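Biologist: I am new to this structure and should like to be guided through it. May we proceed by question and answer?

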Amino acid sequence: MAFELPDLPYPQDALADLGMSAETLHYHHDLHHKAYVDTGNKLVAGTEWEGKPIEEIIRGNYQPGAVAQNGIFNNVAQHWNHTQFWQMMGPGENKKMPGELEARIKDAFGSVDAFKEQFVAAGVGQFGSGWAWLVVDTDGTLKITKTENGVNPVCFGQTALLGCDVWEHSYYIDYRNKRPVYLQNFLDRLVNWEYVAERLSAA
Ligand code: MN3
């Protein structure tokens, strides 16, 4: 089955009071994400990858250490990344981190603030386009990682709990060049921690 652009799980203006405008979500979801879906469908059609599970296409096309990944990888991985990203955010102020997730984060990083500091540093330290992630690594421990362009935790057999898009299209309308402010706001106000905790339970 061809890839489809999923609807946002909330109205386009639902995050505006929390630091992500309707304009950003319009460009990011309706145009950027849609382009990955459309291009991914075109590139996969008629190849051995057509109809395969998305994670299999991502792992099968990822080339470790390559200077650039192929077009199928770039577009299909970015479709996966954005589909997760929309769900990892949500409307409503003061979203609380469920206890079990908080305990695991404190255990791994010392404190919630230390976790946020390291996550922001990962996103800021990703030179050029990419993503910052909180993952369950293959050894079962929580880790913060950064990846370039469309590369994601699926490539490494890790479970993504949280991901933040640090491509400029994700923040330039609302934050201009201030990537650190965008990342801090993402963690403080935008993340749907209940959903992150569900992903941890399922890992
Ligand atoms: Mn993006």
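Modeller: Certainly; please note that this is a predicted model. A starting point is Arg189, which has a relative accessible area of 28% and is partly exposed.

Biologist: With which residue does the side chain of Arg189 meet in a salt bridge?

Modeller: Arg189 belongs to helix α7, which covers residues 179-190. Its partner sits in the loop between α3 (71-88) and α4 (99-109), 96 residues apart from Arg189. The partner has 45% relative accessibility and so counts as partly exposed. With an N to O distance of 2.9 Å, the residue that meets Arg189 is Glu93.

Biologist: What separates Lys106 and Glu102 along helix α4?

Modeller: The side chains of these two residues, Lys106 and Glu102, form a salt bridge at 3.0 Å, N to O. Lys106 is partly exposed at 40%, and Glu102 is partly exposed at 26%. Because they are 4 residues apart in helix α4, the separation is about one helical turn.

Biologist: Is Asp137 buried or exposed?

Modeller: Asp137 forms a salt bridge with Lys143, their closest N and O atoms being 2.7 Å apart. Lys143 is partly exposed, with a relative accessible area of 32%. For Asp137 the relative accessibility is 15%, and the limit for burial is under 20%. Asp137 therefore counts as buried.

Biologist: Which residues are linked with Asp137 in a network of salt bridges?

Modeller: One of them is Lys143, the salt-bridge partner of Asp137 already described. The network also includes a further aspartate. The residues linked with Asp137 are thus Lys143 and Asp139.

Biologist: How many salt bridges does the structure hold?

Modeller: Among them are the pair Arg189 and Glu93, the pair Lys106 and Glu102, and the pair Lys143 and Asp137. The total for the structure is 6.

Biologist: Which residues are the protein donors of the manganese ion?

Modeller: In sequence the donor residues follow the spacing H-x53-H-x82-D-x3-H. The donors lie 1.9 to 2.1 Å from the ion. The histidines each contribute NE2 and the aspartate contributes OD. The donor residues are His28, His82, Asp165 and His169.

Biologist: How many residues apart are His28 and Asp165, two parts of the chain that the manganese site links?

Modeller: His28 lies in helix α1, residues 22-44, whereas Asp165 lies in strand β3, residues 159-165. Both His28 and Asp165 are buried. The pair links distant parts of the chain, and the separation is 137 residues.

Note on methods:
Residues numbered from 1 in each chain as written. Predicted model: local features only at pLDDT ≥ 70, side-chain atom pairs only at ≥ 80, totals over all residues. Heavy atoms only, no water. Donors = N, O, S within 2.8 Å, 3.2 Å for Na, K, Ca; no water. Buried < 20%, exposed > 50% of the residue type's maximum accessible area, 1.4 Å probe, protein only. Salt bridge = Lys/Arg side-chain N within 4 Å of Asp/Glu carboxyl O.
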